[in-house]
Amino acid sequence: MRIISGKYGRRRFDVPTNITARPTTDMARENIFNVLGNLVDLEGLTALDLFSGTGAISFEFLSRDCAHVTSVEKASTQFNFIKKVSGLLKCDNHTIIKGDVFKFIGTCRQQFDIIFADPPYDLPQLPDLPRMILESNMLKPGTIIIVEHSKANDFTALPHFVQHRNYGKVNFTLFQIPEEE
């Protein structure tokens, strides 16, 4: 795993061979962070990384000076890897939760500036995930939500849709909660 940019940029970490995640490609990650960087300045924001996998997205947020990042990952191998890398980078502004994302969404009362979700593409609940996030208590005015998915999903009809990006087999749908007037 390679961190692309920011204070930890170009750092590499060997991912365990028995990991069950499908990491976001470097190219897709770099592109979506460029899109995100054109929407908002990440410095000082809070970010949530759902289905964290290797933690690559979390570490990009941390590297780009987010004030706090929360990672949620159910699988022990991935959770332990994220915890190890966070320790090596001495990230004291990183909360790592080992648990089910859907239970987390249903019970979380903390609000975030950015929510990134990269579920397994074959996850049966994937078609419902954006709606679940949009109806959760984790949102505040201005929250940006990014859902990674395959081309089989189309979320453009959901409320607060902003844009869809396609990078090969990787698709991102972005939503943004309107700012208060």
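Modeller: Contact means that heavy atoms lie within 4.5 Å, and with that in mind we can look at Phe-61 in this model, which is a predicted one. Setting aside neighbours within four places in sequence, Phe-61 is in contact with Phe-33, Leu-36, Leu-42, Ala-47, Cys-66, Val-69, Ile-114 and Phe-116.

Colleague: Which residues have the most contacts inside the largest nonpolar core?

Modeller: They are Phe-61 and Phe-172, in a core of 32 residues. At least two residues of this core come from each of helix H1 (26-39), helix H2 (56-63), helix H3 (76-88), strand E4 (114-117), strand E5 (144-149) and strand E7 (170-176). Another core, of 24 residues, lies apart from it, and among its members are Cys-108, Phe-112, Leu-123 and Val-147.

Colleague: What makes Phe-172 count as buried?

Modeller: The relative accessible area of Phe-172 is 0%, and buried means under 20%, so Phe-172 is buried.

Colleague: How many aromatic pairs does the structure hold, and why is the pair of Phe-116 and Phe-172 called tilted?

Modeller: There are five aromatic pairs. In the pair of Phe-116 and Phe-172 the ring centres are 6.1 Å apart, which is within the 6.5 Å needed for a pair. Their planes stand at 55 degrees, neither under 30 degrees, as stacked would require, nor over 60, as edge-to-face would require, and therefore the pair is tilted. Because Phe-116 lies in strand E4 and Phe-172 in strand E7, the pair ties together parts that are 56 residues apart in sequence.

Colleague: Why, then, is the pair of Phe-161 and Phe-175 called edge-to-face?

Modeller: The angle between the planes of Phe-161 and Phe-175 is 80 degrees, and since planes over 60 degrees apart count as edge-to-face, that is the name the pair receives. Phe-161 belongs to strand E6 and Phe-175 to strand E7, so this pair links parts 14 residues apart in sequence.

Colleague: How do you know whether Phe-161 is buried, partly exposed or exposed?

Modeller: Its relative accessible area is 29%, which falls between the limits of 20% and 50%, so Phe-161 is partly exposed. Phe-175, with 1%, is buried.

Colleague: And what makes Gln-163 buried?

Modeller: Gln-163, found in strand E6 (residues 161-167), has 17% relative accessibility, and because that is under 20%, Gln-163 counts as buried. Its side chain also makes a polar contact, at 2.7 Å, with the side chain of Arg-165. Not counting residues up to four places away in sequence, Gln-163 touches Val-35, Leu-39, Phe-172, Thr-173 and Leu-174.

Terms used:
Residues are numbered from 1 along each chain as its sequence is written. This is a predicted model: local features need pLDDT of at least 70, side-chain atom pairs count only at pLDDT 80 or more; totals for chains, interfaces and linings use all residues. Side-chain values use heavy atoms; hydrogens and water are left out. Helices (H or I, at least four residues) and strands (E, at least two) are DSSP runs, numbered from the N terminus. Buried means under 20% relative accessible area, exposed over 50%, partly exposed in between (1.4 Å probe, protein chains only). A polar contact is a pair of N or O atoms within 3.5 Å; within protein, one must be able to donate a hydrogen and the other to accept it, and residues adjacent in sequence count only if both atoms are side-chain atoms. A nonpolar core is a set of buried Ala, Val, Leu, Ile, Met, Phe, Trp, Tyr and Cys residues joined through side-chain atoms within 4.5 Å. Rings of Phe, Tyr and Trp (its six-membered ring) pair if their centres lie within 6.5 Å; planes under 30 degrees apart count as stacked, over 60 as edge-to-face and the rest as tilted.
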